[in-house]
Amino acid sequence: MSAAAVPAEPRLRRSRARWAWAVGVLLVVGWSLAGAGAFSGEVLNPAGVRQFTRFAAGALHPDLSADFRGVLVTSTLVTVAYAALGAALAVLAGALGALALTRTTWGRRRAGWVLARAVVAVPRGLHEAVWGLLLVNVLGLNSWVGVLAIAVPYGAVSAKVFADLLDEVPRGGYEALLAAGAGRGVAALYGLLPPAAGGLLAYAFYRLECAVRSAVVLGLIGAGGLGYQLSLSFSSLRWEQVWSCVYALTALCVAAVVAGRAVRRRLSDPPPVRGDRLRRDAALTWAGLAALALTAWSWWYLAVDPATLVDVRAREQVSYLAGLAWPVSTSGPLLHALGRAAVDTVQMSVIAIALATAGAVLLSGLAVRPAHRRHPTHPGRAPRRPGVRRAAVVLVGAVVRGLVRGALLLLRAVPPPVWALVLLFVLRPGILPGALALGIYTLGVLGRLTAEALEELDPRPARALTVLGASASGVWLYGVAPRAVGPVLAYALYRWEVVIRDTVLVGLLGAGGLGALLATSLQTFDWPAVATTLGVLVLLTLAVDLVSDRAREVVR
């Protein structure tokens, strides 16, 4: 065989696009830290160290008195009612809106699909706290404020996600119904929804988990519940009560996470079918009935009246506020302030997601649950029982894993505004406390997602390296880390889209960015400036979504 006939070995080439994005990310992070004043040396506030010490000491002595326990129970019920009813309406709106957002139902009419997505992007781009502040001016002190503040943005998000799930299912049944003469809506209802039912149900329970945290955030701005009680205790510096509220929030989040995870695991691993008869899964049936019962109870407990949404006062108030907000303000000083606030918002989000990603990479390995497998042995040899040393290592690993998972849960159970208020004890005002508060909260969420992504990786490469005698660090560097880069970065980019919306929360407390400018406009009843600020916020959210989507394509 001639030398020319010998196939050349493939050359490994580095992706220039990925390297360019990596360098760009480092430059943006450095620019954000410099803009936040992290390199100036004037970020610490020594006068607040004593108050921070008192706050930390309160964790060991929560208020468990009978009177405050009654307050906690009532606040918890209000939070659960807001979360359950808001999530139920969001899922219903998402299911109805998904049919109008799927590529399948629009077919080749791309202009209509793009327009529908653009319409949904407006409610999706505003944080539920912003919706709460706007709805208060329309409905007043009404229970609908907390419910709709969750239902409106979550409904838009659910519609987008449901539409993506419907686009991923096989289209055979849908196309068969179209060929038989059915309309696109009927064909989608009977040809697309049934195959996607499992994914839709799993995401619906995930929305319930998120709604619990959103209900707490709305409580911080006066909607009631645990968030409102937490705000009262914090403002009066009653740290024992603050920690009692935090522990109650953590328990509530644990219950929501456990319920949602149980449903998702049931859907991914259904019980075997016996015989030829198809039987309904009793566990999922009871879960659905429990969700319906919780929704009905929430409606009764909050005593919401649909008539208040369309009464004369609500219509007049909407018309009055729309008249005040239009035309929007385009003055030079406002646009200049919006430009600076938008830069602060981007820098805040970049610092937060960089901190959360780095922390998740460091901690997620400690939070991964080990797979229960039989250890490889020589043929014909019985498996060895673990010795005392190995049992001790397993015990220590279980303790560390439990502590790390508990810490991540606590980080995401406490809303970002609370972390911002705590950090303001030891840091000077600015965007840095807000960025760190968002980073701490996002670390709790991203750490959990990263740990779950690691648990779903194929264990065979790591197992092979272990059998060959590789150390634990070697197994991690060569058997786990390279395959985990893609999922981890994808989750980080997705969370960046969420963080850019969450900057409004800490901005309302004075941490800078568009949230601080929005708070000032609302306090002075400058509705033209409010409308302009909301428009800039939506455009910034869309821009971040586009950049994140492009970055995910490069990562793939």
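## Reading loops, a helix face and two cavities

User: Let's start with F525. Where is its place in the chain?

Analyst: In this predicted model, F525 sits in the loop between helix 21 (514–523) and helix 22 (527–555). Check its backbone too: phi is positive, about 55°, although F525 is not a glycine.

User: And is F525 buried or exposed?

Analyst: Exposed, because its relative accessible area is 57%, and the cut-off for that class is over 50%.

User: Which residue in the loop between helix 11 and helix 12 should I look at?

Analyst: Try L237, in the loop between helix 11 (226–235) and helix 12. L237 has a phi near 60°, again a positive value in a residue other than glycine. With a relative accessible area of 42%, L237 counts as partly exposed.

User: What joins W326 and P327?

Analyst: A cis peptide bond, with omega about 5°. P327 belongs to the loop between helix 14 and helix 15 (332–367).

User: Okay, helix 14. How do I read the sides of a helix?

Analyst: Start with the general idea: an α-helix has 3.6 residues a turn, so residues three or four places apart point the same way. Now the case here. In helix 14, the buried residues are A314, L321 and A325. Viewed down the axis, the buried residues fall within an arc of 35°, so they line one face of helix 14. R315, E316, S319 and Y320 are exposed on the other side.

User: How far apart are the end C-alpha atoms of helix 14?

Analyst: They are 20 Å apart, which agrees with the span that its 14 residues (312–325) should have at 1.5 Å a residue.

User: Now the interior. How many cavities of 30 Å³ or more does a search of the whole structure find?

Analyst: It finds 2. The largest cavity holds about 60 Å³ of space. Its lining is F55, V242, W243, V246, L410, V414, V418, W419 and V422. Helix 12 (239–268) and helix 17 (416–423) are the elements that give two or more residues to that lining. By class, the lining has 9 nonpolar residues, no polar and no charged ones. Domain 1 and domain 2 each supply at least three residues to the lining of the largest cavity.

User: Which residues line the second largest cavity?

Analyst: Y206, R213, V445, R448 and L449, around about 30 Å³ of space. Helix 18 gives the most to this lining, with 3 residues. By class, the lining of the second largest cavity divides into 3 nonpolar, no polar and 2 charged residues.

Key:
Residues are numbered from 1 along each chain as its sequence is written. This is a predicted model: local features need pLDDT of at least 70, side-chain atom pairs count only at pLDDT 80 or more; totals for chains, interfaces and linings use all residues. Side-chain values use heavy atoms; hydrogens and water are left out. Helices (H or I, at least four residues) and strands (E, at least two) are DSSP runs, numbered from the N terminus. The expected span of a helix is 1.5 Å times one less than its number of residues. Buried means under 20% relative accessible area, exposed over 50%, partly exposed in between (1.4 Å probe, protein chains only). The arc is that of the directions from the helix axis to the C-beta atoms. On a 1 Å grid over the protein atoms alone, a cavity is a set of points where a 1.4 Å probe fits but cannot get out, and a pocket is an open set with protein on both sides within 12 Å along at least five of seven lines; lining residues have an atom within 4 Å of a point. Grid points are joined across faces, edges and corners, and a volume is the space filled by probe spheres set on the points. Ala, Val, Leu, Ile, Met, Phe, Trp, Tyr, Cys and Pro count as nonpolar, Asp, Glu, Lys and Arg as charged, and the others, Gly among them, as polar. Domain bounds come from an automatic or database domain assignment.
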